[in-house]
Amino acid sequence: MFSALYLLALPFALFAYLWTMRRKRNILLPPSPPSEPILGHLRTFPRIDQDQAFYELSKVYGDVMHFNVLGKSVIILSSTEAATDLLDKRSANYSDRPAFPAFELLGWGRTLVFTPYGSSFHVQRKLLTQPFTRQGCAVFQPIQLQQAHMLLQNLVHSPEDYESHIRRYTAAIIMQITYGHRVQSDDDRYVKLAEQVNDTILAMGRATILDLLPFLKHLPPWFPGAWFIRYARDTQPMRDEMENEPFEEVRRQMTWGTILIFIFAILLHPEAQKRAQREIEEVIGSSRLPDFDDRDSLPYLECLLQESRRWHPTISLGVPHRSMADDVYRGMFIPKGATIIANARALSLDENVYPNPHLFWPERFLPENGQPHPTSAMFGFGRRVCAGKNLADASVWIVAATILASFDITMVKDEHGKDLPPKVEFTRGLTSVVSEEGEQLPCTAILALNLDLQIAHANTTWSIE
Ligand code: HEM
């Protein structure tokens, strides 16, 4: 389907190749897999399951890899050390963003996350981070608590709809904090609108060809294979409708995905689930629900949350940065304008930081084991670190504590009483969230979770506001 697009790319590729060869002669770039003349890694650059593919390649080529896509450098960082050295310690040079043509086509180019480093970035970032410091976020706790209790009520009434209840929860918090709009039900107009935008973001994430060949965004809609142009055009009316409406979809989607990954983690690791429930029972009892004041008294729950993040980072490839000047790292040349990707999947499996990384073991974060929280793999680096991480962290924690205090999460059984293991499918993209069954979406998808929510404390009288 892309052959016409590749044909179109050839003259551009030849020019970029010759130009790059001239510029980089005699300079040692980081190691890279074999490439083709002129096209570089264009045809071999992983396009699906990118995080896993880069992780596998890093075992051969090391934690700093170079890809040449039509003369454009892409650097993949696969260790905490390399990612921290460059994106944190040298953040003055690595805080720009590459172009995000797919999101620009959708009209999201002006959003802070995609804004290039510069004066507009500084103004936007300052405005957005001020209310979301750790102390600042304390004022939002009553909203989060109230919404968590509403989520609990909804789960009690219709546990099978857990996915849409969690969507409503994450939407309601963002809407109320940002716009003062109180979401009362799943039918809320803005929740519906956000759903539609969510679908467009997921669908557009399939257009990875655009990241490699950004000039394709100028193709006419009739061009063979240019479905993304037609899609962006067809969804224009919806974007127009929401131009002046409350909208914080990407952030909501990340929080939602993180909660689902946590639920999935405790479904598959019942021992860890039981231990966290015992801790809650011992500290809080069963006559009330957890509150934010309980957080410091629940160390195992903290470990479990951190391990579910490490086990499956919500944004499995991180959000790309861009270098603003030529640099040399460990004797390797990193050119100006390179796209820098810190692969969160590889960071969370870094054996130097997490011995036995494939084992789901929350205890690794207990003080006696002392392994560091996977905060960077989860929320990013340096001057571009997630602006809403404190808010998101609290939203996820209160739901995790509330759900564990109230439900046993188990697999659905078949007619013989045997567990029906969840059917899981992971696809990749900017964010990792749950998708519709059967669709190939550009995100980490947890399909058909087969979740059975059993009320654990049936006799408890909860005080739900
Ligand atoms: C669990 C949920 C969330 C996760 C996992 C997450 C993760 C991330 C990551 C990985 C980045 C990119 C960091 C980098 O480039 O190094 C990011 C950026 C960002 N996040 Fe979050 N995020 C979450 C929720 C939120 C929320 C709730 C908000 C807002 C209230 C928010 C606001 C932002 C903004 C504005 C940026 C762009 C920062 C910049 O480019 O300067 N995020 N987030």
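Cys-386 sits in the loop that runs between helices α16 and α17, and in this predicted model its SG atom is the single donor that the protein offers to the iron atom of the ligand, at 2.3 Å. Around the ligand there is a shell of 25 residues, and one of the helices that flank the Cys-386 loop, α17, also packs with helix α14, at an angle of about 115 degrees.

**Surroundings of the ligand**

- Among the 25 residues that surround the ligand, the closest are Arg-97, Arg-125, His-321, Arg-384 and Cys-386.
- By residue class, the shell around the ligand is made up of 16 nonpolar, 5 polar and 4 charged residues.

**Contacts with oxygen atoms of the ligand**

- Arg-97 places a polar side-chain atom 2.7 Å from an oxygen atom of the ligand, while for Arg-384 an N or O atom of the side chain is 2.9 Å from a ligand oxygen atom.
- Phe-381 takes part through its backbone, where a polar atom is 2.9 Å from an oxygen atom of the ligand.
- The elements that contribute two or more residues to the shell are α5 (119-129), α12 (249-268), α16 (375-379) and α17 (389-406), and the largest share, 4 residues, comes from α12.

**Packing of α14 with α17**

- Helix α14, which covers residues 299-311, packs with α17 with the two axes 11 Å apart, and the crossing of these helices is right-handed.
- On the α14 side, Leu-301, Glu-302, Leu-304, Leu-305 and Arg-309 take part, and they meet Asp-393, Val-396, Trp-397, Ala-400, Ala-401 and Leu-404 of α17.
- The residues of this contact between α14 and α17 divide into 8 nonpolar and 3 charged, with no polar residue among them.

Notes. Residues numbered from 1 in each chain as written. Predicted model: local features only at pLDDT ≥ 70, side-chain atom pairs only at ≥ 80, totals over all residues. Heavy atoms only, no water. Near = heavy atom within 4 Å. Polar contact = N/O pair within 3.5 Å; in protein donor to acceptor, adjacent residues only side chain to side chain. Nonpolar A, V, L, I, M, F, W, Y, C, P; charged D, E, K, R; others polar. Donors = N, O, S within 2.8 Å, 3.2 Å for Na, K, Ca; no water. Axes fitted to C-alpha atoms, helices over the stretch in contact; angles between N-to-C directions. Left-handed = near helix turned anticlockwise from the far one by under 90°. Contact = heavy atoms within 4.5 Å.
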